[in-house]
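Me: I have a few "why do you call it that" questions about this one. Can we go through them together?

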Amino acid sequence: MTATELAPGSSRSIEQILADTQGLVDPALRSAARTLPDEMRTVMSYHFGWCDESGVATTTGGGKMIRAAATLLAGNAAGGANDKTVSAAVAMELVHNFSLMHDDVIDRDEFRRHRPTVWAVFGIPAAILVGDALLGLAYEVLNDAEMTANSYEAVRYLSQAVERMIFGQDADVRLESQTSAVKLRECVAMARAKTGALLGGACALGALSAGADGALVQQMRVFGEELGLAFQLVDDVLGIWGDPTRTGKPARSDLQSRKKSLPVVFAMNSGTRAAEELMTLYQIRRELSDVELNRAARLVDAAGGKEWAVSEAERLVQEALASLAGWNLNPAAVAELSALAARVCNRSS
């Protein structure tokens with residue numbers, strides 16, 4: 001399959017979209033990995049699910065490649081995906097996984113994708129340094145693609161997305177330790193940067209690779225950012241109510257770590273009795289029991305946190321898709337972007 005075969009005459013199922021994305025992006029990721037020293041390549045390969053901790057090949061598989069798919073579909077919509085679009089998708093996956101390695105260290109998460117995280121297996125220094133290497137590789141891949149006559153334009157979009165993602169992660173860490181009440185608008189702004197910026201950058205680079213003008217590139221960035229915020233809302237719901245066998249993380253993990261996630265912050269600002277009890281539970285300075293964790297989940301639900309997060313994610317997706325109306329876009333690709341957006345709101349992992 002070549003990049004130009006990504007825009008068929010009729011829409012593919014979301015499963016086929018993601019499978020096609022995997023088929024295009026995975027070989028390029030493996031090629032990038034081969035440029036690393038042996039020890040770092042093993043750590044990267046373990047993280048992506050290509051091998052076990054000893055370097056023996058496995059079929060565990062990596063992530064869902066939502067950001068890579070968004071890059072390719074945005075390119076299709078804006079004029080036609082090509083080899084440059086694939087390079088942009090690879091760069092976005094490298095950046096995303098750089099952030100995951102570092103996030104796992106910051107949050108001390110011991111499991112991701114149903115197995116121990118990189119830092120838990122190889123140590124914190126390896127997770128930090130290999131994560132840094134992935135970020136460097138992302139810029140190399142993007143630069144080598146020569147996406148535009150001015151190569152700095154693509155690098156600028158990627159840099160802005162990375163910077164905003166890091167600012168969002170920093171805000172997330174600070175909100176965790178904030179003793180005063182966290183306002184919902186603070187939490188939304190944090191999530192928009194932490195998660196929205198990267199999907200926004202993915203869609204912008206996809207459009208840029210297809211030769212779109214500046215206005216359309218910016219519109220695709222806005223579309224992706226709204227989709228990213230919706231993704232974070234659903235992710236936060238799964239962090240409380242998700243099935244561990246599907247999410248790959250322990251049940252109620254976000255509550256155990258006292259995360260100020262979007263549904264939790266909404267609940268805490270609801271002015272209800274459930275909000276008061278929830279805040280009391282969050283102030284306990286020890287590991288919560290299963291009974292207490294289940295009680296906290298019920299309190300978030302009772303205060304409207306779950307219902308709000310789900311409905312807000314759906315609203316954001318609808319507004320994002322509506323924002324593409326009026327642009328001269330490939331209808332089949334827009335339909336596939338809609339399928340990807342629906343998957344963001346209706347996923348279980």
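**Pockets, cavities and a helix pair**

Reply: Sure, let's start with the second largest pocket, which has a volume of about 370 Å³. Bear in mind that this is a predicted model, where local features need pLDDT of at least 70 and side-chain atom pairs count only at pLDDT 80 or more, while totals for chains, interfaces and linings use all residues. Residues are numbered from 1 along each chain as its sequence is written, and side-chain values use heavy atoms, with hydrogens and water left out.

Me: What makes a residue part of the lining of the second largest pocket, and which are closest to its centre?

Reply: A lining residue has an atom within 4 Å of a point on a 1 Å grid over the protein atoms alone; a pocket is an open set of such points with protein on both sides within 12 Å along at least five of seven lines, and a cavity is a set where a 1.4 Å probe fits but cannot get out. Here 16 residues line the pocket, with Q178, T179, S180, K260 and Q283 closest to the centre. Elements giving two or more residues are α7 (151–177), α12 (262–268) and α13.

Me: How many cavities does the search find?

Reply: Searching the whole structure gives two cavities of 30 Å³ or more. The largest cavity has a volume of about 90 Å³, where volume means the space filled by probe spheres set on grid points joined across faces, edges and corners. Its lining has 14 residues, with Y46, H47, R112, R115 and P116 nearest the centre.

Me: Why is R34 called exposed?

Reply: R34 counts as exposed because its relative accessibility is 56%, and the label applies over 50% (buried is under 20%, partly exposed in between, with a 1.4 Å probe and protein chains only). R34 sits in the loop between α1 (14–33) and α2 (38–47).

Me: What is the angle between α13 and α14, and how is it defined?

Reply: Helix α13 (residues 273–282) and helix α14 (residues 290–302) pack at about 145 degrees, axes 9 Å apart. Axes are lines fitted to C-alpha atoms, for helices over the stretch in contact, and angles run from 0 to 180 degrees between N-to-C directions. Helices are DSSP runs (H or I, at least four residues), numbered from the N terminus.

Me: Which residues of α13 make the contact?

Reply: On α13, A274, E277, L278 and L281 do, where contact means heavy atoms within 4.5 Å. On α14, the partners include R295 and L299.
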